[in-house]
Amino acid sequence: MMDELETPGRRITRSMTMKAGSAVCEEIKLSALLKATKICEAKRAEETLALELKVEEEYVIKTSSSILVESLSSSKLDDKFEGVTSLKNADADDADSVQRRILENMELERLRDVEDAVLNRVAKLRAYSIAIRATLEERAKQREKERREEEAALQNESEGLENLERNRTALVLQLQSKKNVEQEKKIEKIIDDASKFDLRKREELKAKRELLEKIVSNQHKFREKYQQLSDVLKDEIISGGTITQEVAAIKNLTGMMETLSKQCKVGEVSNLDLTTSEALVQSLEAGFSAINGKLEGIKKVKEEANRPVIAEVKAEPATPPAYEPVQAAQPPENVVRPLQREIVAPTPKALEPTQEKPTVTGLEGFISRENLAELTRLQAFLEQRLNLVKPFETDQSMKKLRFQLQKSVNTPLNAISAVSNSHLKDKLQRLQAVLRGQTVEVTGTVISANSHPQGIAYCTNLLAERIVEQGEQIVSSKPDSAFAIAAVALTIWSEFPEFGDLLLAHFYTKCPFLVPYYSPRPAGSSDENYYKSLGYKYDEDGKIEPQDKYLKRMTGTAHLFFAILISKLPRDISSQPPPTLAKIWTWLASLLNLDPRPDISATILLTCLEVAGHLLCSTYQKQFHKMFIVIVNNYFPLIQQLSPNVASGPISRLEMFLSKACKGFIFPPPTGALPQHFW
């Protein structure tokens, strides 16, 4: 356990200390070995020199002795020869004897010279040998002295090595002791953190239990009120069907309460669910009051009709609505709860035929009435176009033409880049030519979308779909690439309005939060169908994609969406641009009128402010300032309440952005935006 808690820094320090000590030891050992080697080599050299001198001395002595012996032998032989000769020639003449004596004297002198030379040579050799011996003895003494000095140095180094080893051992023990103390502190901190975590978990469970009890209490109130309403509705036949709309709204509230009850059984509840349960109870009470008001009105009308004499009817002021949302429990200031806003009790004038706007049945709090109408229109238009091009897509004889048309769209779209003005215009003109039905060249073949009656419709829908896919595939990894694609998309939108509708329809399909629309979960719907409606993807094994990957895709799609809405048309385009900036303003207002959802609301709002905040601030100025205050003071606290005890990346990033923007109310231009006069 102690080794596992050792930090990498301490482990590296200890390893380096041990390695340094080992290196010093090895170096000292190597130095001692080298010195011992030098001593051995010096001894061997001395012995070799002594041996050579001895051999040379013996050789000189031996040579001198042989010369002397030869000289003496020669003289003796001459003496013998002379003796023999004298005996044989005793009677020789006196002249010969004189000559003989002269020769003898010369030979004796020669022999004496030779003997002297040999003796001198031997003396010199003996003196040389004595000098060599003296030199060798001197060198031996010097080497002995050096050897003693080296042994003393080696002894000192050995002592130093022992001291170093003792210091290293002491240092290791000190580090180990320090590490043990730190590990004990870590263990204590871990135990303390675990205790705090356990305490925090208990507090969370307690808070969730209290929250659940409050929600269950609201459910009981709802059931009691619904039972009272059921008793009243037994007489609905007498109303002639005039309260059908209110009854449908009540049934919708019942379905929402059942969904909330199922969620409570699972145990996953939040403050938003408590607020929803309170709003459902208030809405049911409002509906109950509205139905009672209508029934009382019907009863009064019938009583007036049964009177025998009809008196002159005086104009009376309209009675106040039976339901007043202002008196109910209010949400935070400047935040409108759609659930309370949409249900309004009718006045007695509602008994007369009137033209009332349809309510958003079953989708209160998930989407506004106007956005629902726009979403329905775009979905119907997309479905109509898909049905129109379906015969062309399924016709096997048109397979080659479909492939060529796909390349005519995909090739310039994938090459879109802001490298230069001319490059971007070239890709725009290629795509415009395809949608206009003009002839284009694809891999050496000239084709036209007009080759088939549904060719242009097919290419228009394909281009819109591919552009939206660029958001989750390209822009999610490279946000700077969004603005070149956005400029091309906006220019085509201004020329082909149906392309703009298809583009928005595909954006809303990929990311419904761009409507904004929080898709509710229908009763009995499977997890896969529900999460797919929110934009999640499933793999072949039926496993849902990770949350971080999902948020990254949604961010890329939203980044491209808002980049299109803030882009400018080229200067040479005279067509009227669509009202894109007003769409962003409407989107922001609609988003603030809906209760936020975990992670995704913070993610999409942050993307909008990063991309379009600069243009919104410079265009709407004070109005945007007011909206920004609502975001900071009212909407962002609601987002924080969704996960008060969990560190959420989207919430943290949004909080950091809002903090910077609050300092001087400054929104920097989006990164990667095209220059003002780029094209």
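**A walk through the helices and salt bridges**

K189 and D193 sit four residues apart in helix 2, so about one helical turn separates them. That is a good place to begin our tour of this predicted model. What do the side chains of K189 and D193 do? They meet in a salt bridge, with 3.1 Å from N to O. K189 counts as exposed because its relative accessible area, 54%, is over the 50% cut-off. Its partner D193 has 34% relative accessibility, and therefore counts as partly exposed.

Let us stay with helix 2 for a moment, which covers residues 94-233. L103 is found in this helix, and L103 also takes part in a nonpolar surface patch together with V98, I102 and M106. The patch made by these four side chains has an area of about 380 Å².

Now step back to look at the whole chain. How many helices and strands are there in the chain? You can count 17 helices and two strands. The chain has 679 residues, and 37% of them count as buried. About 41,200 Å² of the chain is exposed, with carbon and sulfur atoms supplying 55% of that area. Take the contacts between residues at least 6 apart in sequence: 77% of these join residues at least 24 apart.

Next, travel along to helix 6, which runs over residues 369-394. Here E374 and R377 lie three residues apart, about one turn of the helix, and their side chains meet in a salt bridge of 2.9 Å, N to O. Are these two buried or exposed? Neither word fits, because partly exposed is the class between under 20% and over 50%: E374 has a relative accessible area of 26%, and R377 has 39%.

Helix 6 also has a neighbour to meet. Its axis and that of helix 7 (residues 399-414) come within 8 Å, crossing at roughly 115°. Which residues meet where helix 6 and helix 7 come into contact? From helix 6 come F392, E393 and T394, and from helix 7 come L401, R402 and L405. Sorted by class, this contact has three nonpolar residues, one polar residue and two charged residues.

Further along helix 7 you will find T411. T411 has a relative accessible area of 49%, so it counts as partly exposed. The C-alpha atom of T411 is separated by 9.5 Å from that of L431, a residue 20 residues away along the chain.

Our last stop is another salt bridge, one of 21 in the structure. K537 pairs with E472, and their closest N and O atoms are 3.4 Å apart. This pair links distant parts of the chain, since K537 and E472 are 65 residues apart. K537 is in the loop between helix 12 (527-533) and helix 13 (547-566), while E472 belongs to helix 9 (residues 455-475). How do the two partners differ in accessibility? K537, at 38% relative accessibility, counts as partly exposed, whereas E472 is buried because its relative accessible area of 8% falls under the 20% cut-off. E472 and K537 also belong to one network with K510, E545 and R553, joined by salt bridges that share partners.

Notes. Residues numbered from 1 in each chain as written. Predicted model: local features only at pLDDT ≥ 70, side-chain atom pairs only at ≥ 80, totals over all residues. Heavy atoms only, no water. Patch = residues over 30% accessible without salt bridge, like charges linked within 9 Å, V, L, I, M, F, W, Y side chains within 5 Å. Areas by Shrake-Rupley, 256 points an atom, 1.4 Å probe, with all protein chains shown as cover. Buried < 20%, exposed > 50% of the residue type's maximum accessible area, 1.4 Å probe, protein only. Axes fitted to C-alpha atoms, helices over the stretch in contact; angles between N-to-C directions. Contact = heavy atoms within 4.5 Å. Nonpolar A, V, L, I, M, F, W, Y, C, P; charged D, E, K, R; others polar.
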